[in-house]
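Open the model in your viewer and keep the sequence panel at hand. The stops below say what to select next and what is there.

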Amino acid sequence: VRVPEASSLHTLYAFYIYSHLDAPERTLGRPFVKFHSLAAHSLSPDRPDSSLQAYDGIELSILPFKDFWTFINPNKVCSTVEDVRNKAAGRPGRLILQGSMNNAFVHTVHFQALHAKEGQMPVLETGVYILVFSNCGNFSEAEISGSVIVKNAYGFLPGNEYHKMPFYGWLSLIYVAMALAWMGLSFRWWREVFHIQYCIAAVIFFGLIEAFLWWMCYNDWNRTGIRGRFLFIMAILSSVVKSIFSYMLALVASLGWGVTRPYLDRRTILKVQAITFLYTIMDFVRTSVLSFRHSHSLSLPFVLFCLLPVALLNGAIFYWIFTALSSLMETLRERRQTEKLQLFERLWAILVFALSLASLTLLFQIFDLSRSISIRWHYQWFFADGVSHILFLFVLAAMMYLWAPNKNSQRYAYSHLSELGEDDEDGGTTQSKSVWDDEDDDAEDESFFTATRQAGQAGVAKANLAVPDTIGAMETIHEAVTAAAEKA
């Protein structure tokens, strides 16, 4: 790490530490801070390390966030000879820290430190601690090596991240139970399973992989003290894939895929593919930035620049979903397909409820930003990560209930003929059926008309009929075939 400019300081990192009494687990002893193998190295050929052995202006300090401005005076950071005369500092060229030093940890970094002194100090108070890198000398062409180790009573995982580890563990078990239940129903009614039910199985699988990878990532981090890059990237990718696949499933279902039409037209497919590509890239960046926002010093404009595009794209996706869903329900209502209509009305209510809760959570997070991080770091993980996973689990469970495989699953799948107006099992009368013809489905229209002609009288050899894309097409075809038969 490069040394700060002369007579200046930087804040590098935020540590979230539980005291031994407040720790959720106390299996590994008392929490501590340790400065390990820290040494400075000159980058100037004119001033080698050997000429800077007496230089002691480079310091690393860990200060409690809530008392940060009590310790640091922004108008006067480094001590001078006059401060020593006034007994405001012990030595010139050092960082001035005011107030009690009970919860402050300071370490001086020397040049050519072959056997750097290692200081390990216990942490007695729960809170957020800031790592401060200061240089109160007149030389800045240098860098330092080494590490600062902070360990909680349960391991190396930061206090604000700890609760995610058991959360993702329990989430993995819930997904396993959901996967087993869905697998059992699918095997039992395998002849009745259709497209959307296969997609729900894929969403359950992606959710399980995501929860398990995040649990592995946090468990490894807690054990080793290092956030494994491979596991971290794989966990982020699994979250992105699960999110975009789930959004696209809700979108294509709202567009009627597999329910009122056998496939989507090419233009719609290209739009879905474009949104998928954009969302994958932007959401990966967003998730990566959010993972470091509480520990690193990230500027607010940079964070907003990473979050705003994804927020706008989410809004566009949800607008498309609700618009398509509204249009689909209107079509089903006109065609009197009551069972499918009830299914999608329930889906509409579920999505509105989940979106309302997500909006309330976002408003609370915005309001909560006015509170100090020293107060909200204990529970902010729940609103930032926990609520979204719980809402997703709720929507997924509701969709599993609505589209659960059973002996009558095919009544919700696409067919040329509409569903019965009343349920046969309830003794309702069978009403005449109508044809749902997709405007791009010319080949299927021809095959349907051919089948209809073959079902008529054998003497009908030619019938130059066009299949209208209107409600009541069945009656029109029937009348035309009858007229042709009478002429023959």
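## First stop: a serine in a strand

Ser 37 has a relative accessible area of 35%, so this residue counts as partly exposed. Select strand β2, residues 32-42, to find Ser 37. Check the backbone here: phi of Ser 37 is near 50 degrees, which is a positive value in a residue other than glycine. Keep in mind throughout that this is a predicted model.

## The whole chain

Now zoom out and colour by secondary structure. The protein chain has 13 helices and seven strands. Of its 488 residues, 45% are buried. Switch on a surface next: the protein chain exposes about 26,100 Å², and carbon and sulfur atoms supply 60% of that area. Among contacts in the chain with a separation of 6 or more, 79% are between residues 24 or more positions apart.

## A loop between two strands

Select Glu 125, which sits in the loop between β5 (119-122) and β6 (127-135). Its relative accessibility is 26%, so Glu 125 counts as partly exposed. Which residues does Glu 125 touch, leaving out those up to four places away in sequence? They are Ile 17, Ser 19, Lys 66 and Asn 103. Draw a distance from Glu 125 to Ile 17: the C-alpha atoms are separated by 8.0 Å, while the two residues are 108 residues apart along the chain.

## Helix α4

Select residues 164-188, which form helix α4. With 25 residues at 1.5 Å a residue, α4 should span 36 Å, and the 36 Å between its end C-alpha atoms agrees with that. Colour the buried residues of this helix: Lys 164, Met 165, Phe 167, Tyr 168, Gly 169, Leu 171, Ser 172, Tyr 175, Met 178, Trp 182 and Ser 186. A general point helps in reading such a list: an α-helix has 3.6 residues a turn, so residues three or four places apart point the same way.

What do the buried residues of α4 pack against? Show α3 (159-162), α5 (195-224), α6 (229-254) and α11 to see these partners.

Stay in α4 and pick Phe 167. Phe 167 counts as buried because its relative accessibility is 15%, below the cut-off of 20%. Beyond residues up to four places away in sequence, Phe 167 touches Trp 381, Gly 386, His 389 and Ile 390. Phe 167 and His 389 are 222 residues apart in sequence, yet their C-alpha atoms are 9.9 Å apart in space.

## A tryptophan in helix α5

Move to Trp 214 in helix α5. At 5% relative accessibility, Trp 214 counts as buried. Its contacts, not counting residues up to four places away in sequence, are Tyr 168, Phe 232, Ala 235, Ile 236 and Ser 239. A distance line from Trp 214 to Ala 235 reads 5.5 Å between C-alpha atoms, and the two residues are 21 residues apart along the chain.

## On the way to helix α9

Select Arg 336, in the loop between α8 (300-334) and α9. Arg 336 has a positive phi of about 55 degrees although it is not a glycine. Is Arg 336 buried or exposed? Arg 336 counts as exposed, at 54% relative accessibility.

Go on to α9, residues 338-368. Its 31 residues should span 45 Å at 1.5 Å a residue, and the end C-alpha atoms are indeed 45 Å apart. The buried residues of α9 include Leu 343, Phe 344, Leu 347, Ile 350 and Leu 351. Pick Phe 344 in this helix: its relative accessible area is 0%, so Phe 344 is buried. From Phe 344 to Leu 328, 16 residues away along the chain, the C-alpha separation is 8.4 Å.

## Last stop: α9 beside α11

Add α11, residues 380-402, to the selection. The axes of α9 and α11 come within 11 Å and cross at roughly 175 degrees. The two helices are therefore roughly antiparallel to each other. Show side chains where they meet: α9 contributes residues including Leu 347, Phe 353 and Phe 364, and α11 contributes residues including Phe 383, Leu 391 and Met 399. The residues of this contact divide into 18 nonpolar, two polar and one charged.

Definitions and conventions. Residues numbered from 1 in each chain as written. Predicted model: local features only at pLDDT ≥ 70, side-chain atom pairs only at ≥ 80, totals over all residues. Heavy atoms only, no water. Axes fitted to C-alpha atoms, helices over the stretch in contact; angles between N-to-C directions. Helix = DSSP H or I, 4+ residues; strand = E, 2+ residues; numbered from the N terminus. Parallel < 35°, antiparallel > 145°, perpendicular 65-115°, else oblique. Contact = heavy atoms within 4.5 Å. Nonpolar A, V, L, I, M, F, W, Y, C, P; charged D, E, K, R; others polar. Expected span 1.5 Å × (residues − 1). Buried < 20%, exposed > 50% of the residue type's maximum accessible area, 1.4 Å probe, protein only. Areas by Shrake-Rupley, 256 points an atom, 1.4 Å probe, with all protein chains shown as cover.
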